[in-house]
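Colleague: I would like to go through this model with you before I return to the bench. Could we take it topic by topic?

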Amino acid sequence: QLLGNQDHIKVELEKLKKTHNQQQQKLEERVLAMGKELQEAKGAIGDTQHKLVEQSAVLLTSQSQLQEVEAENSRLQLQLKELNEEYRSRLAQYIRDVANYMDSKSSNVTGRSKAPAGQAAMKHFVDSMLKDIRASYKSREEQLARAARGYKKRMKDLVKKHESLLIAYGLQREQIRSLGSSTMDCGPAELHLSITDPELLTKSSRELNRLWQEKAQLELQLQKLQKVLAGPRGLFSPRQLDEEGWAEVRKQLRAFTHSTQEDLEQERSQLLTRAVVAEEQVSELQEYIDKHLAR
């Protein structure tokens, strides 16, 4: 029966070959089309990367220009403040001169008998007006100074809370590493999330950043050492390293972190106390200068 159906089998084989050739041709065309699309996508990615590099260069240039403009703006604001002070003093002197001239003129017109009564009327009026202006300026300056102190205090509180969160974040990373595998992603190091603005950094913040930098370097060295020891020619298996070697290292790191945190918190409290006392002394000195010393 098989020998009798050889012709039918040949026909079926020819059909299968023809179908296979068609599918192969379609597959090749599809591969060519996908290769073309891949080349176009690579070209688009290259163009995008080129544009990104250009935009990064423009961004760096804009940032440098912004810093220059901010410095120039600060210089101009200081110059404007000095000019305002000079303008105030000159205007006050001009008003006093006008008042003295008007009083002397009125005294000459009315005669000597009426001069003592009305000679200093204009001068008294001008003195009272200048006194009110100085009082308004002083109240406004005190209001701005209070607002600035409040803003600085809020910024210090935010920086303190941020540092506390980073310390808690570091402890959580260490706990996750101690419980899980060493290859588990525990998030970026504390150094990448720390504050870098020089105006917001305190002495304790700089010390914390330095310690976090050292910790990041130690973690990088530990990861390299772990890869060397856990490699094909290493002395221990990853499981032995996780359970035996790194537990003690993490324990020492946690103890070091806790002790450093306690020392820094004590130093922070002392510095905050000294800062509050210094602000009170500065306020008292400024009040004494405003009341008892001439400008």
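Colleague: How far apart are the end C-alpha atoms of residues 59-93, and how much of the span is helix?

Modeller: The C-alpha atoms at the two ends lie 50 Å apart, and the span is 100% helix and 0% strand. Helices here are DSSP runs of H or I with at least four residues, strands are runs of E with at least two, and both are numbered from the N terminus. This is a predicted model, in which local features need pLDDT of at least 70 and side-chain atom pairs count only at pLDDT 80 or more, while totals for chains, interfaces and linings use all residues. Residues are numbered from 1 along each chain as its sequence is written, and side-chain values use heavy atoms, with hydrogens and water left out.

Colleague: What does UniProt list for residues 59-93?

Modeller: The unreviewed UniProt entry lists them as "coiled-coil region". UniProt positions are given in the numbering used here, feature names are shortened, and annotations may be inferred rather than shown by experiment.

Colleague: Turning to charges, how many salt bridges does the count come to?

Modeller: The count comes to 5 salt bridges, a salt bridge being a side-chain nitrogen of Lys or Arg within 4 Å of a carboxyl oxygen of Asp or Glu. One of them joins Glu-72 and Arg-75 at 2.3 Å, N to O. Both residues lie in helix α1, 3 residues apart, about one turn of the helix.

Colleague: Which residue does Glu-86 meet in a salt bridge?

Modeller: Glu-86 pairs with Arg-90 at 2.7 Å, N to O. These two are separated by about one helical turn because they are 4 residues apart in helix α1. Glu-86 is partly exposed at 33% relative accessible area, and Arg-90 is also partly exposed, at 47%. Buried means under 20% relative accessible area, exposed means over 50%, and partly exposed lies in between, with a 1.4 Å probe and protein chains only.

Colleague: And which residues are linked in a network of salt bridges?

Modeller: The network links Glu-85, Arg-88 and Glu-141. Within it, the side chains of Arg-88 and Glu-85 meet at 3.6 Å, N to O.

Colleague: Now the interior. Which residues make up the largest nonpolar core?

Modeller: That core has 6 residues: Leu-166, Ile-167, Leu-208, Leu-211, Trp-212 and Leu-264. α3 and α4 (203-229) each supply at least two of its residues, and the largest share, 3 residues, comes from α4. A nonpolar core is a set of buried Ala, Val, Leu, Ile, Met, Phe, Trp, Tyr and Cys residues joined through side-chain atoms within 4.5 Å.

Colleague: What is Ile-167 in contact with?

Modeller: Leaving aside neighbours within four places in sequence, Ile-167 is in contact with Trp-212, Gln-261 and Glu-265; contact means heavy atoms within 4.5 Å.

Colleague: Is Glu-163 buried or exposed?

Modeller: Glu-163, in helix α3, counts as buried, because its relative accessibility is 5%. Not counting residues up to four places away in sequence, Glu-163 touches Ser-204, Ser-205, Leu-208, Trp-212 and Arg-268.

Colleague: Finally, which residues make the nonpolar surface patch?

Modeller: Val-98, Tyr-101, Met-102, Met-122 and Phe-125 make a patch of about 500 Å². Such patches consist of residues with over 30% relative accessible area and no salt bridge; like charges are joined within 9 Å, and nonpolar side chains (Val, Leu, Ile, Met, Phe, Trp, Tyr) within 5 Å. Accessible areas come from the Shrake-Rupley method with a 1.4 Å probe, and for residues only the protein chains shown count as cover. The largest share of the patch, 3 residues, comes from α1.
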